Amino acid sequence: MERVAPPGTSGDRAGLGSLPRLPVRDQIARECVNIAYGFFSPLEGFMGLSDLDSVAREMTLESGYIWSIPILFDVSQDHLSVRGIGAGERVLLTYQDQPLATMDVREVFTYDLESLAQQVYGTTDSAHPGVERTYNYHDRFMSGPITLVNPPQINPPFDRFWKTPRQLRQEMEDLGWSRVVAHQTRNVPHAGHEWLMKGAWLAAEADGILVSAVIGEKKTGDYIDEAIVLAHDRLREAGFFRQDVHRTSTLLWDMRYAGPREAVFHALVRKNLGCTHHMFGRDHAGVGGYYDTYAAHKVFDELPDLGIKSVLTLEWWYCPTCAGVAYEGLCGHQEQKQDLAGTLIRSIIQGGVEPAPTTLRREVLEVVRDCAEKYGFGSPFVGEKYLANRTPVMSMPKLELNGEDTGCTCRDK
Ligand SMILES: [Zn+2]
């Protein structure tokens, strides 16, 4: 399913100039794109009250389809009133001062945010980033279907990696992949990640591995998005994965850190991308101490078949006796394990020392250093300069609504 106005047709854009306009922030723009291209299938728009209530309480849409994370368009009643927007209206959503999508507003409603936080995140503690996001919602939610009228342009280096579900499924078909295991990441891959993917490929008897890098809001200290995607792709380029078994892709998503619920969401989205399996490791999509280390492993036991199987993995670490990267489920020298922790990898990246291939591939480190120069203002980690000056992942083409149709550069053929 795609809700994108076909390129070169003026029909869908006729009359757009007369619609009330509503500017949207980055998160909502990304979610419009995801809805329109089917990343969030079966959703065709932002959720209404009955779907929200059902997702919050039962982890299903009103239709009974399993769905774990509310997809909400929060908006201020003042903004709606000023523009004369209400239920029954069609509005033009704008982003970066350009038309993005139309929305047929079905409902404008409220929901108790504390109970929403409790249901989705299992806590009402505003120190939890997902709960904080919930508490920061505007005072109303607006539901209704979305149609993209001006598909955004994805900027380099992400343009090679951002593919619609339809494009990804086609690519998998062309590669002859029928069993595909998804790897969710927000990291530059170290040796543990590489072996996690290799182990999951074996466990799933997969034809291919799809790295699905989550690209969204960044905070200081995160890896820069450019380094994440290019470093993963380098594992394939350098032959640590055969050319025909590994692909890197992006998902435009702002992490909610909802632990088990987010794991279910990740599985549903990767199913839409054509994956048959999804790997879940330690503390998947968790934060702080809010969830059990393996909560994401247990949540699937209580759910019916989602159409995508989970591949549950324990940790990979360095073991001096095994003399290599070893698996928690196999290595008998637990007391000697050397964790491939993020902090260790960061110190390797920041230091000038050549890493051992049992920690970080030299080829990966080279990419990370190149990215620091080219995209990161000297650092592979997000800093103030990067936040203020980076090239956005998505840019809106200019779309003139009055007079001649200028046509759009729709990337999805
Ligand atoms: Zn060992």
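**Exercise 1. Two domains**

Find how far apart the centres of domain 1 and domain 2 are, and describe the side of domain 1 that touches domain 2.

*Solution.*
Step 1. Take the centres over C-alpha atoms: domain 1 and domain 2 are 28 Å apart. Keep in mind that this is a predicted model.
Step 2. Place the domains on the chain. Domain 1 covers 11–152, and domain 2 covers 158–389.
Step 3. Look at the contacts between them. On the domain 1 side 21 residues take part, and on the domain 2 side 23 residues.
Step 4. Ask which elements of domain 1 supply two or more residues to this side. They are helix 1 (26–37), helix 4 (113–121) and helix 5 (129–135).
Step 5. Pick the main contributor. Helix 1 gives the most, with five residues.
Step 6. Sort the residues on this side of domain 1 by type. Ten are nonpolar, nine are polar and two are charged.

**Exercise 2. A pair of helices**

Work out how helix 8 and helix 12 are oriented to each other, and which residues meet.

*Solution.*
Step 1. Locate the helices. Helix 8 spans residues 225–237 and helix 12 spans residues 362–374.
Step 2. Read the geometry. The axes of helix 8 and helix 12 lie 9 Å apart, and the packing angle is about 150°.
Step 3. Apply the cut-off. Angles over 145 degrees count as roughly antiparallel. Helix 8 and helix 12 are therefore roughly antiparallel.
Step 4. Add the handedness: helix 8 and helix 12 make a right-handed crossing.
Step 5. List the partners. Helix 8 brings Glu-226, Ala-227, Leu-230, Ala-231, Arg-234 and Leu-235. Helix 12 brings Glu-363, Val-364, Val-367, Val-368 and Cys-371.
Step 6. Sort the residues of this contact. Eight are nonpolar, three are charged and no residue is polar.

**Exercise 3. Leu-235 and Thr-250**

Decide whether Leu-235 is buried or exposed, do the same for Thr-250, and name their contacts beyond close sequence neighbours.

*Solution.*
Step 1. Start with Leu-235, which sits in helix 8.
Step 2. Count its surroundings. A residue is buried if 20 or more other C-beta atoms lie within 10 Å. Leu-235 has 22 C-beta neighbours inside 10 Å, so it is buried.
Step 3. Set aside neighbours within four places in sequence. Leu-235 then contacts Pro-189, Glu-194, Phe-240, Phe-241, His-246 and Val-364. Val-364 belongs to the helix 12 side of the helix pair.
Step 4. Check a distance. Leu-235 and Met-47 are 188 residues apart in sequence, and their C-alpha atoms are 39 Å apart.
Step 5. Move to Thr-250, which sits in strand 11 (residues 246–252).
Step 6. Use the cut-off again. Thr-250 has 22 C-beta neighbours inside 10 Å, so Thr-250 is buried.
Step 7. Leave out neighbours within four places once more. The contacts of Thr-250 are Phe-158, Phe-161, Trp-162, Ala-213, Ile-215 and Val-229.
Step 8. Check a distance here too. Thr-293 is 43 residues from Thr-250 along the chain, with 25 Å between the C-alpha atoms.

**Exercise 4. Unusual backbone**

Find where two cis peptide bonds lie, and where Gln-96 and Ala-323, with their positive phi, are found.

*Solution.*
Step 1. Recall the background. Most residues other than glycine have a negative phi, and most peptide bonds are trans.
Step 2. Take the bond between Ser-41 and Pro-42. This bond is cis, with omega about 10°. Pro-42 is in the loop between helix 1 and strand 2 (45–46).
Step 3. Take the bond from Pro-156 to Pro-157. This bond is cis, with omega near 0°. Pro-157 is in the loop between strand 8 (153–154) and helix 6 (165–175).
Step 4. Turn to Gln-96. Its phi is positive, about 50°. Gln-96 lies in the loop between strand 4 (90–95) and strand 5 (98–104). With 16 other C-beta atoms within 10 Å, Gln-96 is partly exposed.
Step 5. Finish with Ala-323. Its phi is positive, near 60°. Ala-323 lies in the loop between strand 14 (316–319) and strand 15 (324–327). With 9 other C-beta atoms within 10 Å, Ala-323 is exposed.

**Exercise 5. Far in sequence**

State how far Pro-397 is from Gln-98, in sequence and in space.

*Solution.*
Step 1. Place Pro-397: it is in the segment after strand 16 (394–395).
Step 2. Classify it. Pro-397 has 16 other C-beta atoms within 10 Å, so it is partly exposed.
Step 3. Give both separations. Pro-397 and Gln-98 are 299 residues apart in sequence, and 7.3 Å apart from C-alpha to C-alpha.

Technical notes
Residues are numbered from 1 along each chain as its sequence is written. This is a predicted model: local features need pLDDT of at least 70, side-chain atom pairs count only at pLDDT 80 or more; totals for chains, interfaces and linings use all residues. Domain bounds come from an automatic or database domain assignment. Two residues are in contact if their C-beta atoms, placed from the backbone, lie within 7 Å. Helices (H or I, at least four residues) and strands (E, at least two) are DSSP runs, numbered from the N terminus. Ala, Val, Leu, Ile, Met, Phe, Trp, Tyr, Cys and Pro count as nonpolar, Asp, Glu, Lys and Arg as charged, and the others, Gly among them, as polar. Axes are lines fitted to C-alpha atoms, for helices over the stretch in contact, and angles run from 0 to 180 degrees between N-to-C directions. Angles under 35 degrees count as roughly parallel, over 145 as roughly antiparallel, 65 to 115 as roughly perpendicular and the rest as oblique. A crossing is left-handed if the near helix is turned anticlockwise from the far one by less than a right angle, and right-handed if clockwise. A residue is buried if 20 or more other C-beta atoms lie within 10 Å of its own, exposed if 12 or fewer, and partly exposed in between; C-beta atoms are placed from the backbone.
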